[in-house]
Amino acid sequence: MRDILITGIILGLLPFILRSPRIGVYAWAWLAMMIPHRAAFGFARTLPFSHIVALTTLLGFLFSKERRPFPLSNLTIVYMLFFFWMCVTSVFALNTPEVIFDRWVFVLKIHLMLFVTMMLLRGRDQIEGLVWVVTLSIAFYGVKGGIYTLLSGGGGRVWGPSGGMIQDNNSLGLALVILIPFLYYLYQTSSRRLLRVGLIFSIVTTFIAVLGTQSRGAFVALVCMAFVLVLKGRRPIQMSILLGGLLLVGFLVMPDTWTGRMKTIETFEQDTSAMSRIYAWKTMTALALDRPLVGGGFGVDTMEVFSRYAPLEGAGVYAAGGVFVAHSIYFQALGEHGFPGLALYLLLGFVAWRKAGAISKRCKDDPEFGEWVPLLMRMTQVSLAGFAVGGAFLSLVNFDLPYYIVGYVVLVDATLKERIRPTGERQIAR
């Protein structure tokens with residue numbers, strides 16, 4: 001029954017996507033974030049729904065009057081340079097051409113659809129529509145995981161959807177951390193009481209779900225995100241009380257085993273998992289020093305790479321099976337794309353943060369945009385801060401969600417620039 005329902009919904013959207021490709025970018029974001037077909041048990045699990053939606057969206061995009069010029073800015077230029085550099089490093093990659101091409105196509109789809117999104121959406125309604133889709137697609141697992149954590153007394157571990165970038169507990173935990181600010185934004189800007197109650201429930205359960213993943217990196221990111229949220233929120237005192245209360249409830253709900261696991265953050269030298277990450281970071285650094293411009297390209301998570309560049313002091317770990325992923329967005333960018341790739345990746349986050357802050361200040365007293373833009377941009381900064389901390393322990397350079405967050409900044413900036421036509425006539429901003 002699930003297979004038929006999911007297939008019917010997606011196929012039923014195709015005619016509407018052809019007529020309005022904006023619907024296609026929403027459908028793509030839903031499929032990329034939630035991966036709903038993985039909840040089926042039959043034929044729908046393996047159908048290429050994302051490809052079907054992407055091709056339909058691109059076809060509609062080519063003939064659509066909704067299409068706008070690509071929004072050029074310092075942020076999008078850095079974004080395109082980073083994508084271009086990933087293409088360059090693929091030419092000089094260490095892995096086999098088949099593996100490189102497969103991963104390059106995967107990355108291409110992510111960024112191509114984001115570029116299309118940037119050319120189709122403008123105004124508050126359309127931008128908030130994207131925020132709703134992306135946020136609720138992942139918040140579904142937060143609500144589900146939070147309820148499970150409460151019912152199990154924290155005895156189980158919360159996992160993400162199978163087959164996606166957030167299927168493991170650590171990646172899901174970080175994804176939930178960086179979407180909490182947008183749940184807060186939707187709560188603050190929603191006027192319907194029932195909807196606001198639902199969003200409060202989602203924030204609380206998602207917060208608990210982060211603890212339920214038992215991910216130490218996600219916990220550190222949660223604390224950092226909460227601190228920045230207090231600074232950037234509309235009511236700092238109330239927010240600090242709320243988040244402090246949630247942390248206290250979390251500590252009371254979670255069992256002693258969870259507390260003991262979190263305490264290992266202080267004694268990481270005695271933890272095999274933590275030390276294996278340092279081992280991987282040293283390997284990526286050695287690879288980048290040997291190939292400083294282009295790194296190793298996509299797919300450096302191989303035994304050949306680690307046997308060549310891994311430090312000798314990690315031989316015991318390596319012999320036991322090794323750690324074949326970078327375990328850090330920073331060392332992943334460094335190892336795969338060299339020092340220029342790491343610099344562009346860091347610059348992308350920095351420029352997005354700065355532009356979000358500048359837009360927030362510019363719209364503070366704007367009668368048209370002051371109601372929603374400053375808060376959305378501040379929540380973007382909060383989310384980026386959480387990702388910057390939690391991403392230090394996970395290989396998520398090619399995860400869609402942070403790029404969507406960058407996309408929010410691009411879309412708001414483009415909306416502000418296009419609200420005045422060249423003739424002086426005011427654009428429709430909603």
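Which helix holds His 51? The notes below start from that residue; the model is predicted.

1. His 51 lies in helix H3. With a relative accessible area of 38%, His 51 is partly exposed, because that value falls between the cut-offs of 20% for buried and 50% for exposed. The C-alpha atom of His 51 is separated by 28 Å from that of Phe 387; along the chain the two residues are 336 residues apart.

2. Thr 56 is also found in helix H3, which covers residues 49-62. Thr 56 has 12% relative accessibility and therefore counts as buried, the limit being under 20%. Leaving aside residues up to four places away in sequence, Thr 56 touches Leu 14, Ile 17 and Leu 18.

3. Helix H1 (residues 2-19) packs against helix H2 (residues 21-34) at an angle of about 145 degrees, and their axes are 6 Å apart. On the H1 side the contact involves Ile 9, Ile 10, Leu 13, Phe 16, Ile 17 and Arg 19; on the H2 side it involves Pro 21, Ile 23, Gly 24, Ala 27, Trp 30 and Leu 31. Sorted by class, the contact of H1 with H2 has ten nonpolar residues, one polar and one charged.

4. The largest nonpolar core has 122 residues. Leu 130, Leu 376, Leu 401 and Val 412 have the most contacts inside it. Helix H7 (residues 169-189) gives the most to this core, contributing 14 residues. A second core, separate from the largest one, has ten residues, among them Tyr 279, Met 284, Phe 306 and Tyr 309. In soluble globular proteins, nonpolar side chains tend to be buried together.

5. Leu 130 touches Tyr 26, Ala 29 and Thr 117, as well as Leu 121, Tyr 404, Tyr 408 and Leu 411. Residues up to four places away in sequence are not counted here.

6. Helix H16 (residues 373-390) has 18 residues, which should span 26 Å at 1.5 Å a residue. The C-alpha atoms at its ends are 26 Å apart, so the model agrees with the expected span. H16 is mostly covered, with 16 of its 18 residues buried.

7. How many disulfides does the structure hold? The number is zero. Cys 87 is partly exposed because its relative accessible area is 21%, and Cys 224 is partly exposed because its relative accessible area is 23%. The cut-off for buried is under 20%.

Notes
Residues are numbered from 1 along each chain as its sequence is written. This is a predicted model: local features need pLDDT of at least 70, side-chain atom pairs count only at pLDDT 80 or more; totals for chains, interfaces and linings use all residues. Side-chain values use heavy atoms; hydrogens and water are left out. A nonpolar core is a set of buried Ala, Val, Leu, Ile, Met, Phe, Trp, Tyr and Cys residues joined through side-chain atoms within 4.5 Å. Buried means under 20% relative accessible area, exposed over 50%, partly exposed in between (1.4 Å probe, protein chains only). Helices (H or I, at least four residues) and strands (E, at least two) are DSSP runs, numbered from the N terminus. Contact means heavy atoms within 4.5 Å. The expected span of a helix is 1.5 Å times one less than its number of residues. A disulfide is a pair of cysteine sulfur atoms within 2.5 Å. Axes are lines fitted to C-alpha atoms, for helices over the stretch in contact, and angles run from 0 to 180 degrees between N-to-C directions. Ala, Val, Leu, Ile, Met, Phe, Trp, Tyr, Cys and Pro count as nonpolar, Asp, Glu, Lys and Arg as charged, and the others, Gly among them, as polar.
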